[in-house]
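Here is a short briefing on the model shown below. Topics run from the DNA strands to the cavities and the symmetry of the copies.

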Protein chains: 2
Amino acid sequence: MASVTIKDVAAAAGVGVATVSRVLTGTGSVSAATRAKVLAAAKNLDYRPSALGRSLKTQRTGGIGLIIPNISDPFCADFTAGVLACAHGQGGQVLIDVSHDDPAIEAEIVERFAEQRVDGIIAMPVRGRPETWKSVASLGLGLVFAGRTVEELPGTATVLADEAGGVRSVVEYLVGLGHRRVAFLGGRPAESSTRREHESVFRATLEELGVAVEEELVVRARPTADSAYAAAASLFMRRPDLTAVVAASHQLGEAAVLASRELNLRIPADVSIAVVDDVPWSELCDPPLTVVSRPAQDMGYRACELLLRSPGTREGGRAQGRPVVLPTELVVRASCGPVTGSTRTARGR
Amino acid sequence: MASVTIKDVAAAAGVGVATVSRVLTGTGSVSAATRAKVLAAAKNLDYRPSALGRSLKTQRTGGIGLIIPNISDPFCADFTAGVLACAHGQGGQVLIDVSHDDPAIEAEIVERFAEQRVDGIIAMPVRGRPETWKSVASLGLGLVFAGRTVEELPGTATVLADEAGGVRSVVEYLVGLGHRRVAFLGGRPAESSTRREHESVFRATLEELGVAVEEELVVRARPTADSAYAAAASLFMRRPDLTAVVAASHQLGEAAVLASRELNLRIPADVSIAVVDDVPWSELCDPPLTVVSRPAQDMGYRACELLLRSPGTREGGRAQGRPVVLPTELVVRASCGPVTGSTRTARGR
DNA sequence: GTGAAAGCGCTAACAT
DNA sequence: ATGTTAGCGCTTTCAC
């Protein structure tokens, strides 16, 4: 019952342990006859080499620590799928845990991964706790950020989506459709740097196109469904004259859709809605949602590649240069339309 | 730069390695003064005990292997969230990989997990490769199935959702609404045993309620979006007189919704649709979908608990008795309504 | 081509 | 209360 070790195999094959090791790792030279004997013995005994023993000796585990805020979020899930696809192909083991965007939990996870001696960590980092990552770097294990950056650690390998480009193109699209009073539904400034960026790109693009930015049309919600809904609803009620809204996340997009339904606003006849963040159900929505979609799975795959290829996996591998930025895509479906002559105030209810 | 070991800490603190170990693991007795010295030295050196060394010695890694078919599936993702919540709380490490419902991949993952010496495995097993699991059991590591069973391994710890109860209640609900020609959109028999079960419970419940089961109304699709859509569409076209359909998975439900939209069938005025399998967007659908929902996250949590509590974690822990069956819930939203007098053939288009 | 032996970092007897 | 030592299962010199 006790687990069979390399020693048992060696004994059964009538050779030394070193020979067994050579055969199994493919290192050194072994005569065909011996190799066969060893293989037979191993198969016979149902031998499984212990990664523990090997890792202790070689100082590499092949482990990859993955930290995401929330596995139930479709973007995170797809990202994870990409990481798994790459890691599996390379024979890597993926350790996963969720931070719930809590810096303390994140730090704890990093600590655990460090004790496990993972070769590297892939993370969608929480804002505002750079110490956590500095310690990772100084520990000498690989580190790749994804989806977000940590300003205090420039030069760290990073995979990003071109969200700025996405926001820009959706604004251009909307303005091209004739919209002039377009609202922005975003997250609170403190939430994340990408959210801030969304907002500033929104403003900048509008200005470039010669459309005035009305402060009243730029609203921010906390990252809860209630807050998002409240923000969307009050936006619609306060400014019945707006003709389009850009939502900065799928939660905010949902809130916008729900709120407009509740207020009997037809989409896109009364109001056009575009969401920066694709979700699997955007085409099941009625009408199907026009969105900016990020290549979640590719991002995961690339992040993992970056980590594995990372020259100094255990050699303080920082300063890998500029972030990898993957293109986003404006997926035009049916939730945005041209501005109609009818004013919103003329609608039912 | 070389990683600091227990020996370094011992030297720095001026004590033996055993003392350091005692302090850090909380075992044995150590004087307050020594404890302080050791702790200080450890903190100073930024020491992180190696899980590798400990695991090799103790023969337990605290690792949990999680195998799911597809992380992008919302049910699997929520299930994973539950596993992570429980494991994190217990200090367990979760290794994750996806099988894509491929028995060969599944077997390979099990093999890898075994080499990693995980303490146990939680899996949503693929049909038809019992050998894989028999070897796990004989390896002496913990095993918990979730969501599906492996007929050849009865007695293995298992967490299930009461899908039969869910199907029954949705059929009763529909019949109570006056529906008599209700269709079943299911998976191919070979796909999985739960799908088969759905179908037979569907038939049995209908019969119990004195409603004839029409073979033409029971259709099966392969697990691809195209096949599901084709099955749904042809069902609607073949039998314009049907008034309700229960779809056995979210993919099939989506197909039903899409197909009915395409055919200009109003939900629920022309046809009622119920889905066995909740998805986050069912309330965003228009109309919001009536579904049977499984407690995905609870299932994950319970599965992990079962594994951790498992008496013989490394002692051939099989034969844990009956499966844990968690209740499903019929979530009534707006996609099912009473049968109307108007016949479907009188509808627009 | 193959075996013996020295550790990798840790814990658990066993001494003291 | 604390130090010494023997492995856990493996890879890798170093001899032969």
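Which helices of chain A and chain B each supply at least two residues of the surface near DNA strand C? They are α2 (17-25) and α4 (51-58) of chain A, together with α2 (17-25) and α4 (51-58) of chain B. Note that this is a predicted model.

**DNA strand C**

- The strand has 28 residues around it. A:Thr19, A:Arg22, A:Ser29, B:Ile6 and B:Tyr47 come nearest.
- The largest share of the surface near DNA strand C comes from α4(B), with five residues.
- By class, the residues of this surface near DNA strand C are ten nonpolar, 13 polar and five charged.
- Sugar or phosphate accounts for 62% of the atoms of DNA strand C within 4 Å of the protein; the rest belong to bases.
- Two phosphate contacts come from chain A. A polar side-chain atom of A:Thr19 lies 2.4 Å from a phosphate oxygen of DNA strand C. For A:Ser31, a polar backbone atom is 2.7 Å from a phosphate oxygen of the strand.
- A base is contacted from chain B. A polar backbone atom of B:Gly53 is 3.1 Å from a base nitrogen of DNA strand C.

**DNA strand D**

- Here 29 residues surround the strand. The closest are A:Ile6, A:Tyr47, B:Arg22, B:Ser29 and B:Thr34.
- The elements that each supply at least two residues of the surface near DNA strand D are α1 (6-13), α2 and α4 of chain A, and α2 and α4 of chain B.
- α4(A) gives the largest share of this surface, five residues.
- The class split for the surface near DNA strand D is ten nonpolar, 13 polar and six charged.
- Of the atoms of DNA strand D within 4 Å of the protein, 61% are in sugar or phosphate, and the rest are in bases.
- Chain B reaches phosphate through side chains. B:Thr19 has a polar side-chain atom 2.7 Å from a phosphate oxygen of DNA strand D. For B:Thr34, the distance from a polar side-chain atom to a phosphate oxygen of the strand is 2.5 Å.
- Chain A reaches a base. A polar side-chain atom of A:Lys57 lies 3.4 Å from a base oxygen of DNA strand D.

**Annotated domain**

- UniProt, in an unreviewed entry, places "domain: HTH lacI-type" at residues 4-58 of chain A.
- In the model, residues 4-58 of chain A are 71% helix and 0% strand. The end C-alpha atoms of the span lie 21 Å apart.

**Cavities**

- The count comes to six cavities of 30 Å³ or more.
- The largest cavity holds about 240 Å³ of space. It is lined by 19 residues, and the closest to its centre are A:Leu95, A:Gln116, B:Leu52, B:Leu95 and B:Gln116.
- α4 and β2 (93-98) of chain A, with α4 and β2 (93-98) of chain B, each give two or more residues to that lining.
- The lining of the largest cavity has eight nonpolar, ten polar and one charged residues.

**Symmetry of the copies**

- A turn of 180° and a shift of 0.1 Å along the axis lay chain B on chain A, with an RMSD of 0.1 Å. The two copies are therefore related as by a two-fold rotation axis.
- Which residue of chain B comes closest to the rotation axis? B:Leu95 does, with its C-alpha at 2.3 Å. B:Leu95 is also among the residues closest to the centre of the largest cavity.

Technical notes: Residues numbered from 1 in each chain as written. Chains lettered and ligands numbered in written order. Predicted model: local features only at pLDDT ≥ 70, side-chain atom pairs only at ≥ 80, totals over all residues. Heavy atoms only, no water. Near = heavy atom within 4 Å. Polar contact = N/O pair within 3.5 Å; in protein donor to acceptor, adjacent residues only side chain to side chain. Helix = DSSP H or I, 4+ residues; strand = E, 2+ residues; numbered from the N terminus. Nonpolar A, V, L, I, M, F, W, Y, C, P; charged D, E, K, R; others polar. 1 Å grid on protein atoms, 1.4 Å probe; cavity = no way out; pocket = protein on both sides within 12 Å on 5 of 7 lines; lining within 4 Å. Points joined across faces, edges and corners; volume = space filled by probe spheres on them. UniProt positions renumbered as here; feature names shortened; annotations may be inferred. Least-squares fit on C-alpha atoms with pLDDT ≥ 70 in both.
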